[in-house]
Amino acid sequence: MIKFLFIAFSFLLTGLSESIAQDNLSIRVKPASLSMEIGQKATFKAVVVDQNGREKLDRKIRYFAARKSRRSITVDSTGLVTALQGGEYEIIMISPDAEGNRIRQNYKVLVKAAPIAKVEIRDVP
């Protein structure tokens with residue numbers, strides 16, 4: 001049963017479109033995307049807004065690294081992102097309400113590949 005719930009939850013996190021709005025609410029994120037280097041930590045600001053751009057202070061946002069990103073970046077409950085490996089990744093933001101309805105937004109994070117430190121060629125025939 002636990003395995004089924006985990007699979008169902010994983011599908012919900014990764015199987016939906018990039019943005020799901022509810023009752024004319026959406027998640028606004030600044031900056032629009034993150035570009036980082038391996039080992040770097042960065043934050044972004046995400047807020048729930050209504051159709052007029054007013055913040056809805058009663059809505060909390062939960063952050064998750066997308067399934068394919070979990071070993072490459074981490075994100076904590078405050079939106080602090082840590083880059084572990086180079087590549088392009090996604091963070092998923094979900095804001096549920098008391099009735100179980102939710103707003104979802106995907107967020108792109110680009111982690112630059114580590115520079116090549118040294119190239120050495122030996123024993124060339």
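Select I116 to begin. In this predicted model, I116 counts as exposed because its relative accessibility is 71%, above the 50% cut-off. Its place is in the segment after β10, the strand that spans 102-112. Now add V119, I121 and V124 to the selection: together with I116 they make up a nonpolar surface patch, with about 500 Å² of accessible area in total.

Stay in this part of the chain and pick K118 and E120. A salt bridge joins the two, with 3.3 Å between the closest N and O atoms. Bring in R122 as well, since salt bridges with shared partners link K118, E120 and R122 into one network. K118 is exposed at 64% relative accessible area, while E120 is partly exposed at 43%.

Next, go back to strand β10 and select N106. With 10% relative accessibility, N106 counts as buried. Show its side chain: one polar contact runs to the side chain of R104 at 3.1 Å, and another to the side chain of E90 at 3.3 Å.

Keep E90 on screen and add K108. Their side chains form a salt bridge, 3.1 Å from N to O. K108 sits in strand β10 and E90 in strand β9 (residues 87-96), so this pair ties together parts 18 residues apart in sequence. K108 is partly exposed, at 34% relative accessible area.

Last stop: D50 and R54. This pair also forms a salt bridge, its closest N and O atoms 3.1 Å apart. D50 is buried, at 14% relative accessible area, whereas R54 counts as exposed at 51% relative accessibility. The structure holds four salt bridges.

Definitions and conventions
Residues numbered from 1 in each chain as written. Predicted model: local features only at pLDDT ≥ 70, side-chain atom pairs only at ≥ 80, totals over all residues. Heavy atoms only, no water. Patch = residues over 30% accessible without salt bridge, like charges linked within 9 Å, V, L, I, M, F, W, Y side chains within 5 Å. Areas by Shrake-Rupley, 256 points an atom, 1.4 Å probe, with all protein chains shown as cover. Helix = DSSP H or I, 4+ residues; strand = E, 2+ residues; numbered from the N terminus. Buried < 20%, exposed > 50% of the residue type's maximum accessible area, 1.4 Å probe, protein only. Polar contact = N/O pair within 3.5 Å; in protein donor to acceptor, adjacent residues only side chain to side chain.
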